[in-house]
Amino acid sequence: MSFSVSHTEITQRCLQLAHLIADDLATRQQSNGSFPLPDFYAKAFAANLWDHIDRDKYRINIDRALHALTHQPQDRSYHREFIEYALLDMPGLSQQRRLEILRSSPNQCPDVANWQILGLINRRSRANGICDKAISIAHHHFIRSRYWRSPAFLDRPPSFSAQYHAFCTALLADSQNRPQQQMAKTATRLIADMTGSHGYANLIGRGAGQSFGAVCALFTLLKYGATDQASVILRHLEIAFDKCGSLPLNLLSPVPLPPNPGSENPKTPGWYSYNRHDDYLAFAGYWLFKTANLAPVKTAITPQPQPDQASQVFLFSSSHYHAQMALCGEQCFDYTPVPVIVSGPREKACLLLPPTGGEQDSPSLYGPATVPLPALNDGEIARFARAKRRSSNHVEIAFELAGIKGQRDIIFSENDVTIKDQLGNTQSEKANLFRILIDENLELSQKSDTEFAVPKIGVTITSDHPLTLDKKDAFSAAGAATRITAHGANCATLKLRWEDQG
């Protein structure tokens, strides 16, 4: 059965969703032009969206937003590059008014790819002098050398995030510069591979599962003709909006926004101290409107061959599941010590092993207990050392626990995934191995102390060592989880096996 959707149908649905978000933002906006929750750039992107959709209908909202932007404190948290990007693309805004809003605030210029690309695009948009062009060329080459590892954009060296890879790609895909367009087209192939048939484009690295990355992936996939992948991302966005009455921050756990969102509330998975609901809502509306205005392409991108995967990313697909891993990083939320595994296609896709990388340097539901690496009874958790791709179906992870070296081997095949943990010194204190999180939405049925079943997706989990389940401090980017642990072992093997259905 074909699930193909036409380019025209996708753009029409994107426009409809953009209109719904515009109305939602107008309802949420306060009389002073701000939003109920703190925001960094929601006012700028909301004003842009309202200006493009219907300037007369939203005139009061636009005026309030611009007034609030003019009086917004320009402190260290001021997102100058984001705000300017939205204002430069606002046809109803004069240059004088834009300068009044931005005042003399400097670019923040952090060592992060998406901020650097925003700065580059803003300079190209506002100035065309010889010196400006020379600076832009130099800046472009700096970005290529520091953040571009074809076909992937690094979030910040040496870390990869699927969400921010998608954002960087969307920014350059929307550019009129030919070299930037070529980079974006190459990068889009990786997005298509990561999205597959399940429709989750940003499952590894910081920001996993957030709407921010999904709308950027949708834009760039449709821009280059990957309509099948674009349509299933859009369907996830629509389902989430219908379920929540608004577009949630996190598509992996689409829940209505509670009255007290934040790092202490288990009902807001994926929420970090710097993530703002209204920022991402306005941002999503902006990119959905852009997507709605894309013209069809004559030649669509083709998938990347498996051997040409980015060295920072490991992907494996079978008829039963899709697995992804980020193999390097600087912080513990950058890499993937356990693969993220999705089982099933399109709307039926289920997370089996959800993203477990939070941003532990910011207040969130994620804490040390969520790191899926071996640990000791006193709570000491293994330190990730490195991940290495041994072959097209084998990843080796090195870790250290209480001064003892350990190794995790993960082998993928058509019907199963095998995970083996072992400590190098067999005479050492025995540890708690695996500590792997299963999405709580999947009910586990215990058959014995070494075997569990996940009937919903036809998976059997077996081990050569007794397993225990617990839910204490077990959170993933998809919300609450169940932890699987092999207590008191130096070596143990876990197997996830898909049973053929009929």
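**Two cores, a hairpin and enclosed space**

Thr482 is found in strand 17, which spans residues 479–489. In this predicted model, Thr482 has a relative accessibility of 7% and therefore counts as buried, the cut-off being under 20%. Beyond its neighbours within four places in sequence, Thr482 is in contact with Ile436, Leu437, Ile438 and Glu440, and also with Leu469, Asp470 and Lys471.

A short step back along the chain brings us to Ala474, in the loop between strand 15 (468–470) and strand 16 (475–476). With a relative accessibility of 2%, Ala474 also falls under the 20% limit and so counts as buried. Its contacts, leaving aside neighbours within four places in sequence, are Leu437, Gly479, Ala480, Ala481 and Arg483. Leu437 thus appears in the contact list of Ala474 as well as in that of Thr482. Ala474 and Thr8, by comparison, are separated by 466 residues in sequence and by 43 Å in space, taken from C-alpha to C-alpha.

The nonpolar interior comes next. In soluble globular proteins, nonpolar side chains tend to be buried together. Here the largest nonpolar core holds 94 residues, and those with the most contacts inside it are Ile21, Trp50, Leu87, Phe167, Leu237, Trp287 and Leu288. Helix 12 (residues 277–292) supplies the largest share of this core, with ten residues. A second core, separate from it, has 47 residues, including Ile341, Val417, Phe434 and Ile484. Returning to the largest core, Leu288 touches Cys14, Leu17, Ala18 and Ile21, together with Val215, Leu218, Leu234 and Leu237, when residues up to four places away in sequence are not counted.

Strand 5 (residues 340–343) and strand 6 (residues 350–353) run antiparallel and are joined by three bridges. Within this pairing, Val342 stands opposite Leu351 of strand 6. The two strands form a hairpin with six residues between them, and Gly344, in the turn, has a positive phi of about 100°.

Finally, there is the enclosed space. Rolling a probe the size of a water molecule over the atoms shows where empty space is left. The count comes to five cavities of 30 Å³ or more, and the largest cavity has a volume of about 70 Å³. Its lining consists of Leu203, Ile204, Gly205, Phe333, Tyr335, Thr336, Pro337, Val340, Pro355, Thr356 and Gly357. By residue class, this lining divides into seven nonpolar and four polar residues, with no charged ones.

Definitions and conventions: Residues are numbered from 1 along each chain as its sequence is written. This is a predicted model: local features need pLDDT of at least 70, side-chain atom pairs count only at pLDDT 80 or more; totals for chains, interfaces and linings use all residues. Side-chain values use heavy atoms; hydrogens and water are left out. On a 1 Å grid over the protein atoms alone, a cavity is a set of points where a 1.4 Å probe fits but cannot get out, and a pocket is an open set with protein on both sides within 12 Å along at least five of seven lines; lining residues have an atom within 4 Å of a point. Grid points are joined across faces, edges and corners, and a volume is the space filled by probe spheres set on the points. Ala, Val, Leu, Ile, Met, Phe, Trp, Tyr, Cys and Pro count as nonpolar, Asp, Glu, Lys and Arg as charged, and the others, Gly among them, as polar. Two strands pair if DSSP finds at least two bridges between them. Helices (H or I, at least four residues) and strands (E, at least two) are DSSP runs, numbered from the N terminus. A nonpolar core is a set of buried Ala, Val, Leu, Ile, Met, Phe, Trp, Tyr and Cys residues joined through side-chain atoms within 4.5 Å. Buried means under 20% relative accessible area, exposed over 50%, partly exposed in between (1.4 Å probe, protein chains only). Contact means heavy atoms within 4.5 Å.
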